[in-house]
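Here are two short exercises for you to work through with the viewer open. Try each task before you read its solution.

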Amino acid sequence: MTDPQIVLTERVQQALANAFGSEYADADPLIRPSQFADFQANVAMSLGKRLRRAPREVAQAIADQLADFPGTVEVSGPGFLNITLDPAWITAEATEMLADPRTGIGTATPPQRIVIDYSAPNAAKEMHVGHLRTTIVGDAMARIYEHLGSTVVRQNHLGDWGTPFGMLIEHLLDIGEEAAVAQLEAGQGTEYYQAARAKFDSDESFKTRSRQRVTTLQSGDPETMRLWHVFMEATIRYFNKVYEMLGVTLTDADIAGESMYNSMLEKTCDDLEAMGVAVMSEGALCLFPPGFTGSDDKPLPLIIRKSDGGYGYASTDMAAIRYRVDDLKADRILYVVGADQALHFRMVFAAAEQAGWLPDSVSAEHVQIGMMLGKDGRRFKTRSGESVKLMELLQEAVDRAGVIIADRGYDEETKGEIAHAVGMGAVKYADLSISHDSEYVFDFDRMLNFAGNTGPYMQYATARIRSIFRRAGVEPESARGPIVLGVPAERALALHLLGFGAVVDQVAALVEPHRLSAFLFETASLFSTFYEECPVLKEGVDAETRASRLALCALTLRVLETGLELLGVPVPDRM
Ligand code: ARG
């Protein structure tokens, strides 16, 4: 089964080549959905100029080449082509799609190795709402590429190293391991950090101890490393609670934190210096990738070794990109990270190219994540101005969902499951339904709304179809059709469903999961119209129509459920 728009594009391009010569074979036929037909092709308008012929004439020449097309092609107005597909073609494709275990989704050819750097919270601080989006978007993309048959290597680039760890470890010694672990596991990393920071700023001896601890940590002193592990393990246990709550696919095996690169940093810097890509500037070892200048027109540096010999964020990312290309054998590397780091990544990619570490055959892409805003339009904070704890936020979503479904007559256990699915579905879908680089306002009322392009609406759409099958007393899997198209609402739904595979391909190519959400939302809307206009189980509906409509219901359900699963949005059976 094939996306009609792609089939049409190929057919019209073939017609162009036949009518005007092979040099026209890759002109864009400009196929768009139309209100007068299924589609319209506008290529004759632009081609007319190039060929110095009247667009209507050009359109007619194309139409003549499409005589054997499964449908009708009409020239209209100044030179539009109105294209209407044969219902038999649509039903054959839809029936095939229903029989296809992959529901029209293809496989990546050739399959790729895709490294996805996502989530990446910082250990010394509370995992904040900004990390929510990188986690959700990255995880959706990981699911999608795996479904397409590619190999995904998840890299959770935790902020687990750096000078703050000196004071964090000293604070751990002060309050005792047990108390520290309890606090960190409970997600009070911010409070822990703040307490350490306060001592650092006010207590000279603590400050001295902390600085010494940085040195012993960097030298790999066994006892200090043990304390660092105690700190990190407790922190990771908290991160895992969040991941579990969200239902994301990240595991401990995917952790590749900044500390992992420690042993590579020296060589990274030496190698860059030896090839002349890194140079000393004001005591620091710097990269000056071409094309980056500051406001003073001077080349912008990417510092990979500070004047005190220390390494930082850029050093680690230079080591990481080389590791991902050479050791992980990536074909494609996605960095799902806040948009505010755009300059950093552009410079890292440019420097890596300059060093020959990022060959043309490998693409590195920064998937920019827009900032999460509060209702006041500013960076999302609690009323008292602190950053919001992710776990509390997620729990609030579940609690609110629980209130919404409270009086639907489910037992406690079922209610808990549904509330969890609805709450997490709402939060995740909200992130996935808008383009990843746009800022957005975190708003429980909107994301938990059962109307509009929201998680609960999408979940409800699937639950509604499941209930049709329950009432019919048949399993969705047993609905085979054949599909026949009677009224326009059936035709519109079937035609739309055929585009599923193409949308998934597009999402994979562009890393834009919101296009899948938009497609699913349109699916649910078209289904609603279909269901209003086309009774399925009502008395008087003949057996053939009933079978066809049940098949359309089943295909819609499969598309919705598969799509939501690819996005990582949980789908409860009933709501
Ligand atoms: N820990 C960083 C932050 O919270 C994100 C790390 C992204 N990945 C990378 N390779 N730099 O902003």
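The exercises below concern a predicted model, and they look at a sheet and then at a ligand site.

**Exercise 1.** Work out in which order the strands of the four-stranded open sheet lie, and which of them are the edge strands.

*Solution.*
- Step 1: Follow the pairing across the sheet, which gives the order β1-β2-β4-β3, with antiparallel pairing.
- Step 2: Look for strands that pair on one side only; these are β1 (31-33) and β3 (71-76), the edge strands.
- Step 3: Check the angle between neighbouring strands: on average they are turned by 25° against each other, with direction ignored.
- Step 4: Take one pair in detail. Residues 39-41 (β2) and 80-85 (β4) are joined by three bridges in the antiparallel sense, and Phe39 has Ile83 of β4 as its bridge partner.

**Exercise 2.** Find which residues make polar contacts with nitrogen atoms of the ligand, and determine how much of the ligand the protein buries.

*Solution.*
- Step 1: Use a cut-off of 3.5 Å between N or O atoms for a polar contact.
- Step 2: Start with side chains. Asp117 places a polar side-chain atom 2.8 Å from a ligand nitrogen, and for an N or O atom in the side chain of Asp317 the distance to a ligand nitrogen is 2.7 Å.
- Step 3: Turn to the backbone, where an N or O atom of Ala120 is 2.9 Å from a nitrogen of the ligand.
- Step 4: Now consider area: the ligand alone exposes 350 Å², and the protein buries 89% of that.
- Step 5: Ask which elements give two or more residues to the shell: α12 (313-326) and β10 (332-338).
- Step 6: Sort the shell by class, which yields five nonpolar, four polar and two charged residues.

Terms used: Residues are numbered from 1 along each chain as its sequence is written. This is a predicted model: local features need pLDDT of at least 70, side-chain atom pairs count only at pLDDT 80 or more; totals for chains, interfaces and linings use all residues. Side-chain values use heavy atoms; hydrogens and water are left out. Two strands pair if DSSP finds at least two bridges between them. Axes are lines fitted to C-alpha atoms, for helices over the stretch in contact, and angles run from 0 to 180 degrees between N-to-C directions. A polar contact is a pair of N or O atoms within 3.5 Å; within protein, one must be able to donate a hydrogen and the other to accept it, and residues adjacent in sequence count only if both atoms are side-chain atoms. Accessible areas come from the Shrake-Rupley method with a 1.4 Å probe; for residues, only the protein chains shown count as cover. Ala, Val, Leu, Ile, Met, Phe, Trp, Tyr, Cys and Pro count as nonpolar, Asp, Glu, Lys and Arg as charged, and the others, Gly among them, as polar.
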